[in-house]
There are 2 protein chains.
Amino acid sequence: MEKLNNIIFYNIDHSIRLYRMYAQKKLREHGFKITIDQWLVIKCILENPTITQHELSALVFKDNASVTRIIDLLIKAKYLEKEINPEDRRKFMLHVTKSGEEIIKKVQEIVLQNRSNALKGIDAKELEIADSVLRKIIQNCK
Amino acid sequence: MEKLNNIIFYNIDHSIRLYRMYAQKKLREHGFKITIDQWLVIKCILENPTITQHELSALVFKDNASVTRIIDLLIKAKYLEKEINPEDRRKFMLHVTKSGEEIIKKVQEIVLQNRSNALKGIDAKELEIADSVLRKIIQNCK
DNA sequence: AAACTTTACTTGATATGTCAATTATTTCAA
DNA sequence: TTGAAATAATTGACATATCAAGTAAAGTTT
């Protein structure tokens, strides 16, 4: 138990790191020039079309600064456009372009495959317990 | 279940991110000018005095390039010294300095507190299950 | 309305993550 | 024993993480 205390955080870290590498590799293999984080940001904007950058950063657990920079890159890549919100000129309205929508649609299937591969051999009950443990850690660190 | 599939990776990501921020904040509050990653690297060298950088990167789940840079910073901070290994001139021997040893000793207690705070309200059995789920994910992504 | 506070976003600095290319050294094989 | 392959570490380029400081706009107080 004392030992596991040490190790659980290593395994959390290790698992998410390997999963990200795994997922990124799959995207690359399919010829997609987009990062996991960029994909996540577009996905969230599509699902929440009126979201602000500030709300977005809470949703994807990222710093405002990171979100600003990811959005910059997505705009450069023509997956996104932004426009000042006339209701509140501090904010921006974020528009996913046609090509942004398309890449999300194409990548979707790979993401589902990645997740299911990564969770192979894990049953619903233990997954549920693992998830609850993670949620407790999240609460404790807030 | 379908939904949880989607969410487990978010919670893994979220939990490790919050834990790192939490741990880093505690270090800062106690006046330590060292990052979690730097601490981990010194700790591993102390526990494996003959370790190479290559072995080190496997141990801490980091890229060789990251380890090189972390070691550079630790040398600048006088916590570490390196010396070419005469047995194999491609390798280095890594020496933790007195002041490196000292900071590890001082930080140790805070790290233990952080872990136990982060795991509050989680019992041994569910922790064991969570750990086994993470190990399966790690295997699946290798 | 003017001053103050808060909010949304950006930018700079530094650390780390990831991949690819490079250098130096060693090992292996013909 | 020499030439090819493998290994250890570094470096460059770019993406992201984190904190702090800064700018602009909106909201609040008096």
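Which of the 27 residues around DNA strand C come nearest? In this predicted model, the answer is His54(A), Ala65(A), Thr68(A), Ala65(B) and Ser66(B). That list draws on chain A and chain B, so let us look at the chain fold before returning to the DNA.

Chain A is a good place to start. It contains six helices and two strands, and along the sequence these follow the order α-α-α-α-β-β-α-α. Taken along the principal axes, the C-alpha atoms of chain A fill a box of roughly 55 × 35 × 25 Å. Of the 142 residues in chain A, 25% are buried. If you consider contacts in chain A between residues at least 6 apart in sequence, 41% of them join residues at least 24 apart.

Now bring in the second copy. A turn of 180° with a shift of 0.0 Å along the axis lays chain B on chain A with an RMSD of 0.1 Å. The two copies are thus related as by a two-fold rotation axis. To find that axis from the side of chain B, look for Ala130(B), whose C-alpha is the nearest to the axis in that chain, 2.1 Å away.

How do the copies meet? Chain B and chain A each bring 40 residues to the contact. On the side of chain B that touches chain A, helix 1, helix 5 and helix 6 (124-141) are the elements that give two or more residues. By class, this side of chain B divides into 23 nonpolar, seven polar and ten charged residues. Because 100% of the interface residues of chain B are also interface residues in chain A, the copies meet through the same surface.

One residue lets you see the contact in detail. Ile16(A) sits in helix 1 of chain A and has 23 other C-beta atoms within 10 Å, so it counts as buried. Leaving aside residues up to four places away in sequence, Ile16(A) touches Ile12(B), Asp13(B) and Ile16(B).

Within chain B, a helix pair is worth a stop. Helix 2 (residues 36-47) and helix 5 (residues 98-118) of chain B pack with their axes 10 Å apart and at an angle of about 110°. These two helices of chain B are therefore roughly perpendicular to each other. Helix 2 of chain B contributes Trp39(B), Ile42(B), Lys43(B) and Leu46(B) to the contact, while helix 5 of chain B contributes Gly100(B), Glu101(B), Ile104(B) and Val107(B). Sorted by class, the residues of this contact are five nonpolar, one polar and two charged.

With the chains in place, we can go back to the DNA. For the surface near DNA strand C, two or more residues come from each of helix 1 (2-29), helix 3 (53-59) and helix 4 of chain A, and from each of helix 2 and helix 4 of chain B. The residues of this surface near DNA strand C are six nonpolar, nine polar and twelve charged.

DNA strand D has 28 residues around it, and those that come nearest are Ser66(A), Arg89(A), His54(B), Ala65(B) and Thr68(B). Here chain A supplies at least two residues from each of helix 2 (36-47) and helix 4 (64-76), while chain B does so from each of helix 1 (2-29), helix 3 (53-59) and helix 4 (64-76). The surface near DNA strand D has seven nonpolar, nine polar and twelve charged residues.

Definitions and conventions
Residues numbered from 1 in each chain as written. Chains lettered and ligands numbered in written order. Predicted model: local features only at pLDDT ≥ 70, side-chain atom pairs only at ≥ 80, totals over all residues. Axes fitted to C-alpha atoms, helices over the stretch in contact; angles between N-to-C directions. Helix = DSSP H or I, 4+ residues; strand = E, 2+ residues; numbered from the N terminus. Parallel < 35°, antiparallel > 145°, perpendicular 65-115°, else oblique. Contact = placed C-beta atoms within 7 Å. Nonpolar A, V, L, I, M, F, W, Y, C, P; charged D, E, K, R; others polar. Near = placed C-beta within 6 Å. Least-squares fit on C-alpha atoms with pLDDT ≥ 70 in both. Buried ≥ 20, exposed ≤ 12 C-beta atoms within 10 Å, placed from the backbone.
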